[in-house]
Structures are given as structure tokens and as C-alpha cells.
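Here are some notes for your reading of this model, set out as numbered points. Please go through them with the coordinates open beside you.

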Amino acid sequence: MSIIAGIGWHMVGAASAASFYAPIGKVKKWSWETTWAVAGFFSWILLPIFVSFLLLPDFHAFYAGFDTSLLLKVALFGAMWGVGNVSYGLTMRHLGISLGVGVAIGVVLVVGTLVPPLMHGQAAALFTTKAGLYTMGGVLIALIGVAIVSYAGHQKEVQVSGETREFNLKLGLFLAILCGVFSSGMAFAIDAAEPMKAAALHLGVNPLYAALPSYVFIMGGGAVVNMSYCFIRLAALKRLSIRADLSRPGGTLIKNGCLAATGGIMWYLQFFFYAWGQANIPERLSYVNWMLHMSGYVLFAGLVGLALGEWAGVGSRPVRLLWLGMVIIILAANLVGVGMAS
């Protein structure tokens, strides 16, 4: 039952990740940079600090007790994720949304799932244990599902809006792989922050919440990169101004602020529930957490797109391919679950 609960919470987190951009996309009369910075303030700065402040008996003493090298390592992996997040837009520019997401998520899924156990000398477990073999099979099947969903999305884009204007397959694939590798920094950061999780457990923090204090430094590292990019853009381009955006009439300011904040909160919740999922998965099988999260992300992104009517007016073949890919991803997650339970 614990394993089933773990998979379930990972799916809740993935659903939140797949949905977070819906409110952000409704922001009007603000530059993207202002919107992203406001959403990021809630997701990468305010919520991690606020939640950790509530959980820890002594907020300052908890972090002061760690070696600076550990905190720096965790923050740098977070910054690595931040670089991947910033390069995400360039991938979409040259491959289109669906194809770009598919390639990038595919790389993130593989790198983020396989590298941490390799770093800890657990590579043999992936190929010599029943759970490891099931996980490897699940990763391969999930990649097939991601590829099918991405191809269906690419077909939708071609039908609805024509080919991506700046489509460049070679450059786009290079950027998607680069984005995927750097975005895997989040998985590496969570892995590197295990001593912080152990310390929270030692203080009596509920296991469901024990990983959350590490997010202060993980997401803080990502915030530095993302916020720097936004403010440099806002300062460099005269047509963009955060002051102008925030001085809009009251109704626009409140509405846009609430929408951006909602998107940021939803983004944070993906890793809030990731921690719950991780807490229910046995430690020896920790390498499956990232695979479950990222495959669930693609699955729910397809479902959210259908729910929001993004596939309206598209022929039946791309929609059938979308459903086929999502079913394959569900099978992959179940295969991993069977392996964990065996």
C-alpha cells in the first residue's frame, strides 16, 4: 500500500506540474519576464522558506548546522536546473512546443533516473535485481510513450498553426538535449540533499515533509538563475519594464498577480507532493522516483491539453496517437510499480 501511495502522490505532483502554466497563460498586459518573476517569487523563494519555517523548530540553526560545501553543492545543482529552465524557451523556438518538450523530457527522464544510482555505485542493482530490471523496462517503455505523445503534439501544431517558424531540427535537438541534461539538476539536487532530509527526520519532522527543508537551497539556486535572466531582460530591452507592468490599473495588477501567484504555487506543489511520493518509496528503490514524476508529467500534460480544448479541430489520428502514448506511459508506471512490489 505504501508503494501504491507513493506512485499516487507522484502522479498528483506531476498533475500540478502539467497544469501550472494554465493560470500563467491567462496573464494579460504583462511581459513574460514580469509574470515569470512574480510566479517564481512564490514558487522558488516564498513557499520553500515559509514551509520550512513552519516545519523546523529552529529555522536558522538547522541550516547553520550544515557544512557550507553541502549547501553550496545543493544550491549549484539547483542553479543547474535553473539553466535548463531558461534554455527551455530556446528549445521551443526551434522545435515547437510538443516536439521540444518530448525530447527534453525524454532526456531529463533518462539522465535524472539513471545518473544518481550510477554516482552511488548502485548501477549493478539496475541490471541484476528484479526491481532494477522492471525499472529499466519502465524507462524504455515510458520513452516510447513520450515519443508518441510528442509526435502527436507535433502533428497537432502543424495542423493548427503550421510549421514552427524558426524550425531547425539540428539546433533544436542540440538545445533540447542541453535543456534536458541541465534540467536533470533538480534530480541531482534532491539526491545531494539527502543529509538535509536525514537531519530533518532526526529533529522529528514527519517523513512526508522531511525533504521539504532542502528546497530552500535547491530552489534558491534555481531562483538566482531564473530571476537574473528575467531582470537582465527587463533592464536590457526598453520595451520591457517591470515598473510599467506593476503600475497597471488596480484590477489588472490584482488579477495578474493572483494568476501568476497561482501558477507559482502550483509549480511548488509538484515537488511538495514529489516529497510525499518519495517518502513512500523504499530507500533502496529511490531511483524510480524521478522516472515516475517525469513520465507522469507528460501523461498529465496531454490530459490537461485535452481538457483545455487545445486539441479541438485536430484530426482524429493525432488524438488517437496522443491516447496511445498516454496509455503506454501508464503501463510503464505500472510496470515499475510491479517491480517495486515484487
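1. Accessible areas here come from the Shrake-Rupley method with a 1.4 Å probe. On that basis the accessible surface of the chain comes to about 15400 Å², and 70% of this area belongs to carbon and sulfur atoms. Please keep in mind throughout that the model is predicted.

2. As to the overall make-up, the chain holds 16 helices and 0 strands, and 52% of its 342 residues count as buried. Among contacts between residues at least 6 apart in sequence, 84% join residues that are at least 24 apart.

3. Helix α1, which covers residues 2–19, has end C-alpha atoms 26 Å apart, and this agrees with the span of 26 Å that its 18 residues should have at 1.5 Å a residue. Its buried residues include I3, G6, I7, H10, M11, G13 and A14. An α-helix has 3.6 residues a turn, so residues three or four places apart point the same way. One of the buried residues of α1, H10, returns below as a contact of Q278.

4. Helix α3 runs over residues 32–55, and its 24 residues reach 33 Å from the first C-alpha to the last, which is close to the 34 Å expected at 1.5 Å a residue. The helix nevertheless carries a kink of about 40 degrees at L46, shortly before the proline P48.

5. In the loop between α2 (21–24) and α3 lies K29, a residue other than glycine whose phi is nonetheless positive, near 65 degrees. Is the residue K29 buried or exposed? With a relative accessible area of 59%, K29 is exposed, because the cut-off for that class is over 50%.

6. The second largest pocket holds about 410 Å³ of space. Of the 25 residues that line this pocket, P116, H120, D191, E194 and S286 are the closest to its centre. Two or more lining residues come from each of α5 (68–95), α6 (97–119), α10 (185–192), α11 (194–202), α14 (250–280) and α15 (288–307), and α6 gives the most, with 5 residues.

7. A search of the whole structure finds 2 cavities of 30 Å³ or more, and the largest cavity has a volume of about 40 Å³. Its lining is made of I190, A193, E194, K197, A211, S214, Y215, I218 and Q278, and the elements that contribute two or more of these residues are α11 and α12 (215–236). E194 thus deserves a second look, as a lining residue of the largest cavity and as one of the residues closest to the centre of the second largest pocket.

8. Q278, in helix α14, is buried at a relative accessible area of 9%. Leaving aside neighbours within four places in sequence, Q278 is in contact with H10, I190, E194, K197, A211 and N289. Among these partners, I190, E194, K197 and A211 also line the largest cavity, as does Q278 itself.

9. What does W290, a residue of helix α15, touch, not counting residues up to four places away in sequence? The partners of W290 are V108, L109, G112, T113, S183, M186, A187, F271 and Y274. W290 counts as buried, because its relative accessibility is 4% and the cut-off is under 20%. Although W290 and M186 are 104 residues apart in sequence, their C-alpha atoms are 9.5 Å apart in space.

Notes. Residues are numbered from 1 along each chain as its sequence is written. This is a predicted model: local features need pLDDT of at least 70, side-chain atom pairs count only at pLDDT 80 or more; totals for chains, interfaces and linings use all residues. Side-chain values use heavy atoms; hydrogens and water are left out. Helices (H or I, at least four residues) and strands (E, at least two) are DSSP runs, numbered from the N terminus. The expected span of a helix is 1.5 Å times one less than its number of residues. The bend at a residue is the angle between axes fitted to the seven residues ending there and the seven starting there. Buried means under 20% relative accessible area, exposed over 50%, partly exposed in between (1.4 Å probe, protein chains only). Contact means heavy atoms within 4.5 Å. On a 1 Å grid over the protein atoms alone, a cavity is a set of points where a 1.4 Å probe fits but cannot get out, and a pocket is an open set with protein on both sides within 12 Å along at least five of seven lines; lining residues have an atom within 4 Å of a point. Grid points are joined across faces, edges and corners, and a volume is the space filled by probe spheres set on the points.
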